Amino acid sequence: MTTDTPNFSPGLEGVPIAESAISLVNGQAGRLTYRGYSIEELTQPGVSFEEVVALLYDGELPTQARLGEVRSQMAKYRVLTDEQVALARTAAKMTHPMFALQAAVALLGPQDNDFERKVDTVQQRGLELVAKVGHLVAVIAEAWAGREYTGPKPDDSQARYMLRMVTGEEPSELHVRVMDALLILQADHSAGNASTFTSRVVASTKAEPNAVVSSSIGALSGPAHGGANEGSLRLFLDIADPAQAEAKIERLLDDKFKIPGFGHRVYHVKDPRSKVIQTLAAEVIKPGTKEADLYNIALTVEKVATARLGDRGLFPNVDLFSGCVFAAIGIPIDFFTPMFAASRTVGWTANMREQWDSGNRIFRPSQIYTGQPDREFVPISQR
Ligand SMILES: CC(C)(COP(=O)(O)OP(=O)(O)OC[C@H]1O[C@@H](n2cnc3c(N)ncnc32)[C@H](O)[C@@H]1OP(=O)(O)O)[C@@H](O)C(=O)NCCC(=O)NCCS
């Protein structure tokens, strides 16, 4: 098409796609902040997912009153109709939970398709999605495991009911605390990651919020993005024996295999989220368990891959250790990425609102055309 784009950057590396005040990734220092607060502070015991939702949406830490308001709004918004539950349960039996989730979120849309007329509801629609996506993940997990639908209890936090519905057991306080921290840790990661960029692009077409989030779920499902948490644990399960880990990883690296949970476009030091996950791992993984073996394999992967790739700026990212912690609190492997989606819906929808607030100019980049020059059409009878 056009030929006026001399500076092509594959993967848009280094190209700003938005101005954003929501979160900041400092790739050289290995630091992630939400609205100026470090993720290390925001994942301390006592901080809930709902508190960070309020922070990311409002720009300020909530007062007790504001937190109460967000909690009760989320409890109200998470309600699903019988039909929505039934559709999500049907989808759960047909396909991977991420695709079932994507389909179920697409079906949350209204009968009309005219969001610009309702744009003053953008924050409320975003919060509704944060509440409903968490609920849908839990609905899909129950159906996937062959259990009946139970639903959240009135006073449940998102971390508590999701854990109960996904695992089928009443969670301990420690597991709820770890779940809150995991939800917080994955809630946002600047506007430039593939799924949040997707949310910006789809919002820029003035699409309905559920279309924005279902598109972002599709982007997150890929193994180069959110799917890496599932990929890394499957690799550790495949390695199985910690004593074999070193030799197996060396061989995989010789074969140019891309280790899931390793490397990052922006971080050229160890991802700060993986450090927080390791503190959670120390709290929740019990010595002598299967998860302890998997975590030891993950540590060996870190050691071997860092020795081989560290001088090229490649280090563990959030997904090297997150699977071990998800597994330790009872989350099935197929639900690691849906859990991530439930968390990142906050970032996607906060970015959706910011996109609208910025004037919402449609994304329409250019290309460098490498095809044929103009030529004469030849009718099929003459070819
Ligand atoms: C995250 C990721 C997609 C970043 O991609 P990127 O910035 O485009 O970097 P590239 O894929 O071009 O990799 C650059 C080089 O590092 C190597 N590399 C990158 N990640 C690697 C990994 N996980 N294991 C081994 N080598 C890796 C590539 O093979 C490439 O080497 P080459 O220059 O010899 O061809 C990439 O590191 C990756 O696929 N990681 C595994 C998946 C993952 O963990 N994703 C979650 C991210 S939070």
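In this predicted model, the C-alpha centres of domain 1 and domain 2 sit 25 Å apart. Domain 1 is made of two stretches of chain, 23-224 and 332-357, while domain 2 takes up 228-328. So much for the layout; now for how the two parts meet.

The contact draws on 30 residues from domain 1 and 26 residues from domain 2. Interface size is often quoted as the accessible area lost when the parts come together. Here the buried area comes to about 2300 Å², with carbon and sulfur atoms giving 67% of it. If you want to find where domain 1 gives up the most area to domain 2, look at Leu-182, Ile-333 and Phe-336, which together account for 26% of what that side buries.

There's a polar side to the contact too. Two salt bridges are counted between domain 1 and domain 2. Arg-177 and Glu-283 are joined by a salt bridge between their side chains, at 3.0 Å from N to O. Six residue pairs are in polar contact across the two domains, with both partners at pLDDT 80 or more.

Which elements of domain 1 each supply at least two residues to the side that touches domain 2? They are β1 (23-26), β2 (31-34), α1 (39-42), α8 (173-185) and α16 (336-357). Helix α8 gives the largest share, seven residues. Sorted by class, this side of domain 1 has 14 nonpolar, eleven polar and five charged residues.

Let's stay with β2 for a moment, since Thr-33 lies in that strand. Is Thr-33 buried or exposed? Its relative accessible area is 8%, under the 20% cut-off, so Thr-33 counts as buried. Leaving aside residues up to four places away in sequence, Thr-33 touches Ile-22, Ser-23, Leu-24 and Ser-38.

A little further on, Arg-35 is found in the loop between β2 and β3 (37-38). Arg-35 is not a glycine, yet it has a positive phi of about 50°. With a relative accessible area of 21%, Arg-35 is partly exposed. Lys-206 is another residue other than glycine with a positive phi, this one near 70°. You'll find Lys-206 in the loop between α9 (194-204) and α10 (209-220), and its relative accessible area of 36% makes it partly exposed.

Now over to domain 2, which runs from 228 to 328. Helix α11 covers residues 228-239 and holds Gly-231. Why does Gly-231 count as partly exposed? Because its relative accessibility is 24%, and partly exposed covers the range between the 20% and 50% cut-offs. Gly-231 and Leu-136 are 95 residues apart along the chain, and their C-alpha atoms are separated by 23 Å.

Helix α15 (residues 319-328) is a good place to finish. How many of its ten residues are buried? Ten of the ten are, so the helix is mostly covered by the 20% cut-off. Among the buried residues of α15 are Leu-320, Phe-321, Val-325 and Phe-326, along with Asp-319 and Ser-322. These buried residues of α15 pack against α8, α11, α13 (272-284), α14 (290-309) and α16. That list brings back α8 and α16, which each supply at least two residues of the side of domain 1 that touches domain 2. After α15 comes Gly-330, with a positive phi near 95°.

Notes: Residues numbered from 1 in each chain as written. Heavy atoms only, no water. Domains from an automatic or database assignment. Contact = heavy atoms within 4.5 Å. Buried area = accessible area lost by both parts, 1.4 Å probe. Salt bridge = Lys/Arg side-chain N within 4 Å of Asp/Glu carboxyl O. Polar contact = N/O pair within 3.5 Å; in protein donor to acceptor, adjacent residues only side chain to side chain. Helix = DSSP H or I, 4+ residues; strand = E, 2+ residues; numbered from the N terminus. Nonpolar A, V, L, I, M, F, W, Y, C, P; charged D, E, K, R; others polar. Buried < 20%, exposed > 50% of the residue type's maximum accessible area, 1.4 Å probe, protein only.
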